[in-house]
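Ready for a walk through the empty spaces of a protein? Work each exercise with the structure open beside you, then check your steps against the solution.

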Amino acid sequence: MTASNPEFDNNKIPVKKLWQVIIASSVGTVIEWYDFYIFGSLSAIISLSFFPKDDPTAAFISTLAAFGAGFVARPFGGIIFGRLGDRIGRKYTFLLTLILMGGSTFAIAFIPSYSDIGLVAPAILFLLRIIQGLALGGEYGGAATYVAEYAPDAHRGKYTAYIQTTATLGFFVSIIVILICQKIMGDAEFKAWGWRIPFALSGILVIVSYFIRRNMQESPLFARLKKEGRLSENPLREAFASKSNRRLMLIAMFGAIVGQGVVWHTGQFYAQIFINKILMVDFTTTNLIIAASLVVGTPLFVVFGSLSDRIGRKKIMLGGMALAAILYYPLFAWMSDIVDQEGTLINGAYHLTTTGTVKLAFICILLVTFAAMAYGPIAAFLVELFPTKIRYTSLSIPYHFANGVFGGCAPFVATWLGAVTHSNFSGIFYPITLAALTVIIGVIYLPETKGRAIMD
């Protein structure tokens, strides 16, 4: 399959121009992920502000449910903004999602606590999380599609992998901002009201990102379709009307994205929850461990994206999920043993020796590595799977449904399973099962897209 555009050849884009596209797309996407994930990074603290304090476990699980609400909203955002992206353009759609995400995150900083307004507080929180989820449902598809439609066919895995790093970078930035605020303010003040500052900072970040993105040009492939009057009149209906396209969406979802979603969120978010809430390692040490693993692991997204240009998307994605399914239980059990052997209980939290901290960081690096394998090539894979005029919609719906419902809810489901079974390890069987099932389906049905020219 070859590109048919005589006016635009993505294989001849100057490298300088390509990097301008990547940077402009990535800056905004990092900020959106920062906005979305700072809630998860602070879930243990903000649970005491928005829910009754007499049952901390129930309050924490309720906060994770609010966290999950944002993920459940993501596929609906994919439907709404996917249609807009295929009708009015990639650029304008993810400008809109940026404003929605930043505005709702900024507003969270100013919600009164449960003690001030009762149940209205968590109700507002859930509403803002849903708006965040809708916005993110439109953001990822736009950024991935925009970069991929510029990237050369032989290196699409490499260049789109930079977009894949943005989720992890956003998570990393959220952790660093939290640690700095906590260090400056002190633990007590930060827990009382200082946690609101990282949310408020979002307003400044979004303004900066908006002015960077405002000067971006529309994707050449989309602009050409628009000029020739070949845009889809109803992208949603067209995406589902075609039997072959429906089949591709289902295969992408259950043969790749479900497993990728649980591996990514387990390797970063549930690992953080497991260490801090279940193993009771102190908050600062937990976040330093996760931050260190992200610093080492983030470049691996590009490494595996680049490798997929040579040996294929399918092998790397399914390989990461298979490793996760096989090694999760022994790795999480090892973390528990390390805390038992290297930790000292002080004021209700375990403080680790340097050896214990390094060992936990090493395990978390392995978890991020599995996530990088599953996630690094997936943007290129999804873009290569669908035609230009319905690409934004066809990509966004399965991606955000699988990632939102199955992946994003992984921390909540795993924590809930641990709470109801009174077991530290029962929760880990949720991602293990879904990763294993995805590998089986993917091996049988998933096509290889490496080297495809994107469809016009």
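Helices here are DSSP runs of H or I with at least four residues, numbered from the N terminus. A cavity is a set of grid points where a 1.4 Å probe fits but cannot get out, and lining residues have an atom within 4 Å of a point. Keep in mind that this is a predicted model.

**Exercise 1. Find the cavities, and work out which helix gives the most to the lining of the largest cavity.**

Step 1. Search the whole structure: three cavities of 30 Å³ or more turn up.

Step 2. Take the largest cavity, with a volume of about 80 Å³.

Step 3. Go round its lining: G40, S41, S43, A44, F60, Q272, I273, N276, K277, F283, T286 and N287.

Step 4. Assign these residues to elements. At least two come from each of α1 (15–41), α2, α13 and α14. The top contributor is α13, with four residues.

Step 5. Sort by character: the lining of the largest cavity has seven polar residues, four nonpolar and one charged.

**Exercise 2. Describe the largest pocket: what is its volume, and which residues lie nearest its centre?**

Step 1. Start with the space: the largest pocket holds about 650 Å³.

Step 2. Look at the lining, which is made of 28 residues; nearest the centre are A44, I45, D187, K191 and F283.

Step 3. Trace the elements that supply two or more lining residues. They are the helices α2 (43–50), α5 (114–117), α8 (187–194), α13 (243–278) and α14 (283–297), together with the strand β2 (349–352). With five residues, α2 gives the most.

Step 4. Sort the lining of the largest pocket: 13 residues are nonpolar, ten polar and five charged.

Step 5. Link back to Exercise 1. A44 and F283 are listed in the lining of the largest cavity, and both appear among the residues nearest the centre of the largest pocket.

**Exercise 3. Characterise the second largest pocket: which element gives the most to its lining?**

Step 1. Note the volume of the second largest pocket, about 300 Å³.

Step 2. Select its lining: P56, T57, F60, I61, K277, I278, T415, G418, A419, H422, S423 and N424.

Step 3. Match residues to helices. α3 (56–87), α13 and α20 (410–421) each provide at least two, and α3 leads with four.

Step 4. Sort this lining: six residues are polar, five nonpolar and one charged.

Step 5. Compare with Exercise 1 once more. F60 and K277 line the second largest pocket, and F60 and K277 also line the largest cavity.

Key: Residues numbered from 1 in each chain as written. Predicted model: local features only at pLDDT ≥ 70, side-chain atom pairs only at ≥ 80, totals over all residues. Heavy atoms only, no water. 1 Å grid on protein atoms, 1.4 Å probe; cavity = no way out; pocket = protein on both sides within 12 Å on 5 of 7 lines; lining within 4 Å. Points joined across faces, edges and corners; volume = space filled by probe spheres on them. Nonpolar A, V, L, I, M, F, W, Y, C, P; charged D, E, K, R; others polar.
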